[in-house]
Amino acid sequence: MATYLEFIQQNEERDGVRFSWNVWPSSRLEATRMVVPLACLLTPLKERLDLPPVQYEPVLCSRPTCKAILNPLCQVDYRAKLWACNFCFQRNQFPPAYTGISEVNQPAELMPQFSTIEYMIQRGPQSPLVFLYVVDTCLEEEDLQALKESLQMSLSLLPPDALVGLITFGRMVQVHELSCEGISKSYVFRGTKDLTAKQIQDMLGLTKPAMPMQQARPAQPQEHPFVSSRFLQPVHKIDMNLTDLLGELQRDPWPVNQGKRPLRSTGVALSIAVGLLEGTFPNTGARIMLFTGGPPTQGPGMVVGDELKVPIRSWHDIEKDNARFMKKATKHYEMLANRTATNGHCIDIYACALDQTGLLEMKCCANLTGGYMVMGDSFNTSLFKQTFQRIFSKDFNGDFRMAFGATLEVKTSRELKIAGAIGPCVSLNVKGPCVSENELGVGGTSQWKICALDATSTLGIYFEVVNQHNAPIPQGGRGAIQFVTQYQHSSTQRRIRVTTIARNWADAQSQFKHIEAAFDQEAAAVLMARLGVFRAESEEGPDILRWLDRQLIRLCQKFGQYNKEDPTSFRLSDSFSLYPQFMFHLRRSPFLQVFNNSPDESSYYRHHFARQDLTQSLIMIQPILYSYSFHGPPEPVLLDSSSILADRILLMDTFFQIVIYLGETIAQWRKAGYQDMPEYENFKHLLQAPVDDAQEILQARFPMPRYINTEHGGSQARFLLSKVNPSQTHNNLYAWGQETGAPILTDDVSLQVFMDHLKKLAVSSAS
Amino acid sequence: MSNSRRLLEDDRIRCPEIKARPLKSGYRSRRGWCRPERQSYRKVSRSQRAWLGRAPAPEVTHRHAGGAEVEMAELYVKPGNKERGWNDPPQFSYGLQTQAGGPKRTPLTKRVAAPQDGAPRVPTSETSPGPSPMGPPPPSSTASRPPAVGSCPASTVDPIDFPVIECETLLEDVLRPLEQALDDCRGHTKKQVCDDISRRLALLQEQWAGGKLSTPVKKRMALLVQELSSHQWDAADDIHRSLMVDHVTEVSQWMVGVKRLIAEKRSLSSEEEANEEKAAATSENQTVPEQDP
């Protein structure tokens, strides 16, 4: 067993890939009986300390429909200088540069340890990165000031030759001309009227003046298209003027009457930003960064009217079809998101307000383009400031972690087809022989576009085994998949990362044990959860829960060991033992339950769930709970009410919140001040230990989570109590005795009841 | 509605006033109360955790010969803004955020499998009988655990109060080299840019003289100027970034001038170097034919 765990971990570290199954059932029929689809979580740009890019271009298979990249799985004939493609079996000549190739003189891409390799492409024009700030000025003075400072600060963090632009909006939308001359000019647009890209470009003078310039100097056609843009200027030229310009920004001057919301033209402002970049920098890395402090209240994309007495839509309104502006607004932002994705740009949304800001309607802008979504209470919080700083964080090489304009192409061997992908991507609609007709997620294609990504961006990719049952794969056969990610590195180079993996096929009858042992329950849980969350965007909650339950029951029927109609005999092997509790916690998670969350919050949580890597996603599904006490070193404990003990300190990580909870006795000791007495120094250490560990998490996490310090009986203890399995409730308290934990006042089903039902259903011959 | 909002706003304005006890390093900026920077809030020390028995990371002292003071100034954590953000997380200084990893401990990602019946284990008696609820915690001396407590001396655990070195950073010492650098750039850099930088240096002078800059800013500016004078462009640039991140309110208006100055001085000196090389090359070429005949 340990060997499979090691294998899985090694593969994740080397290739950034986790498969639900690591030995593949060899026929379509058997694969469908496995319940959990053959799928993987792929982190295309996983940070690798030991992977310097090679400085040449990849060698492609010559078959036009294949074009797979030479990899360690290819058969090589060193004497004839030929290689056989492992996907289409085409025999290819090595290019002239490879004449010196031999068994002892191999290029890196043929060595087994380079199953993942990165190529640096020299050709092609290098265009600078673009950052376009779209700033809401309908903010409170304190918030606006903090935001202005953060933006000024960001000028010091941006790459010096990046281009930067500024659009501000309130009732009107202002596009600021940036010049070094010290006179600030801006173009003002009304916030109520939507404009086409063409109109925007005409009005900003982006099309007309550029034409004669190009005609006058035909020698340099597309060399420096950015010279003509007065709205986007290199940071190193404009930083002083832009600092002043930002410093002088005022709150929206239009009066806001009592009982009204400020008029906020977010929809038009975004539309202008998208149009501006569309006209000037299509297909180069660009971020539109929207900073907003409230909902759009006028023009296209408005989410709520300006009357304060009419609250913004809730889940209740949406269920009753009572959300007046939702559909229209969503359509507007979807149109913008799709255009942005086509241009290869991304949209970030930084929404800081106490009430909802319309993330539900605007979510597609970030989801389809790979942009970030950040939700906070105020721009004057460390949550916003540090999250924003971390966008510009650098890796160990001193390069920015962000990457742009990626296309991910997936190639499979013949027995497999691609069913779809779920993540921050859009389909490129590339059909081909390896594309399945059965879609899971965004399907019908073998290529996706990821407009912006970083070292943790992760896609779920789903496959279908198509090999027929009566055409067995020869013993020892292996299936292969190649992931080819082309992207723009933050240094503006084009790079190609290629990962080629292979797994064994196994006959599901004779080698069932192998398949079972090679199940990766963590990956499977996240992949199933992504499917569920993807469906939750369009389907009713209860339907999805039922679907998840049915899948779980079927999986237990297939892989459990039991005697028919005898629930007590039910057992799952080690490789499946955690899976049911993952599903239990997933059912209770904010990704599938909207109760107690606003539509904006649900959108926010789902946004992050659909892009984080396996470890973080799993923390979101089932939070981590550590216990600190005098009885030994800190240890992970069950996420269960029985773990809440008086003499323990608990540290819970839910990804979005870090909670430190002091048990009753510990809290009393602290109140009595023992930590300040020299003879109880160890108590002080005990109090400090979880704080230190929490800080370590806080330092690495993006976005910055909320940080909750609470104790037994504290009102914020609810964050812990709502996450633990309610094994003791007010209903069964006395059955468990008094001293074994904290009863939770809930009618929710506990894991035990859940498991009892699951076993009953799994062993029953009726279902 | 708006009335109640105004009330709230008033509260916010008032609250800090109540807190405004005479704090040594507290100050009021033009926008109101600014939290004093508590550099002694907590020194992050890995050795403290050794007793926990998990991956006892070796004590890494971050005090390299030259950068000692920089490190001291830059590693701190201060609380978040609880008044504006619900459960706002603490704020890490630029130095802490960019710290080159160091030996990372095993991340806290372990889980316990629930027994297959889903029922929680009844806590075993050896772990739960802890002290009676109201009794004191086990005193340090008698407790068999934590064993490592002795090995980590109390001094490293106490928040380290950095000795207030009574070296007043003088405005002159910071400003003069900056102005000198600006003078060097005149002729090389556009006049308008030079004037702009000069305007910002004046602003720096004014704020410094008016007592509006805090001690950490002054100290780090002194370091920045040192690095600039010794042509350590990257180091100077990094200090500028750390000041922008940690003290943006104080420095944002004029720091961009310093940033530009670093960049201009850098390009000037690289140009000069290139020229010198060229000059050296040409002079060599000139000497060669002389020797030949």
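## Strand β22 and its partners

In this predicted model, Gln488(A) has Arg494(A) of β22(A) as its bridge partner. The two strands concerned, β21(A) and β22(A), pair in the antiparallel sense over 11 bridges. They form a hairpin with 5 residues between the strands, and Thr492(A) in this hairpin takes a positive phi near 75°.

β22(A) also pairs with strand β7 (residues 116-121) of chain A, in the antiparallel sense and over 6 bridges. Here Ile121(A) stands opposite Arg494(A), the residue that is also the bridge partner of Gln488(A). With strand β2 (residues 23-25) of chain A, the pairing of β22(A) is parallel and runs over 3 bridges. In β22(A), Asn504(A) stands opposite Val23(A).

β22(A) is largely enclosed by the rest of the structure, because 11 of its 13 residues are buried.

## Internal cavities

The count of cavities of 30 Å³ or more comes to 8. The largest cavity has a volume of about 60 Å³. It is lined by 13 residues, and those closest to its centre are Asp15(A), Thr43(A), Pro44(A), Arg497(A) and Thr499(A). The elements that give two or more residues to this lining are α1 (2-15), β21 (478-488) and β22 (494-506) of chain A. Both strands of the hairpin described above therefore reappear here, as β22(A), largely enclosed by the rest of the structure with 11 of its 13 residues buried, and β21(A) each contribute to the lining.

By residue class, the lining of the largest cavity divides into 3 nonpolar, 5 polar and 5 charged residues.

## Helix α6

Helix α6 of chain A covers residues 235-247 and bends by about 40° at Asn241(A). The helix is mostly covered, with 10 of its 13 residues buried. Asn241(A), where the bend lies, is one of the buried residues. Before Asn241(A) in the sequence, the buried residues are Val235(A), Ile238(A), Asp239(A) and Met240(A). After Asn241(A) they are Leu242(A), Thr243(A), Asp244(A), Leu245(A) and Leu246(A).

## Annotated segment 58-98

An unreviewed UniProt entry places the feature "domain: Zinc finger Sec23/Sec24-type" at residues 58-98 of chain A. In the model, this span is 0% helix and 22% strand. The C-alpha atoms at the ends of residues 58-98 lie 12 Å apart.

Definitions and conventions. Residues are numbered from 1 along each chain as its sequence is written. Chains are lettered from A and ligands numbered from 1 in the order in which they are written. This is a predicted model: local features need pLDDT of at least 70, side-chain atom pairs count only at pLDDT 80 or more; totals for chains, interfaces and linings use all residues. Side-chain values use heavy atoms; hydrogens and water are left out. The bend at a residue is the angle between axes fitted to the seven residues ending there and the seven starting there. Helices (H or I, at least four residues) and strands (E, at least two) are DSSP runs, numbered from the N terminus. Buried means under 20% relative accessible area, exposed over 50%, partly exposed in between (1.4 Å probe, protein chains only). UniProt positions are given in the numbering used here, feature names are shortened, and annotations may be inferred rather than shown by experiment. On a 1 Å grid over the protein atoms alone, a cavity is a set of points where a 1.4 Å probe fits but cannot get out, and a pocket is an open set with protein on both sides within 12 Å along at least five of seven lines; lining residues have an atom within 4 Å of a point. Grid points are joined across faces, edges and corners, and a volume is the space filled by probe spheres set on the points. Ala, Val, Leu, Ile, Met, Phe, Trp, Tyr, Cys and Pro count as nonpolar, Asp, Glu, Lys and Arg as charged, and the others, Gly among them, as polar. Two strands pair if DSSP finds at least two bridges between them.
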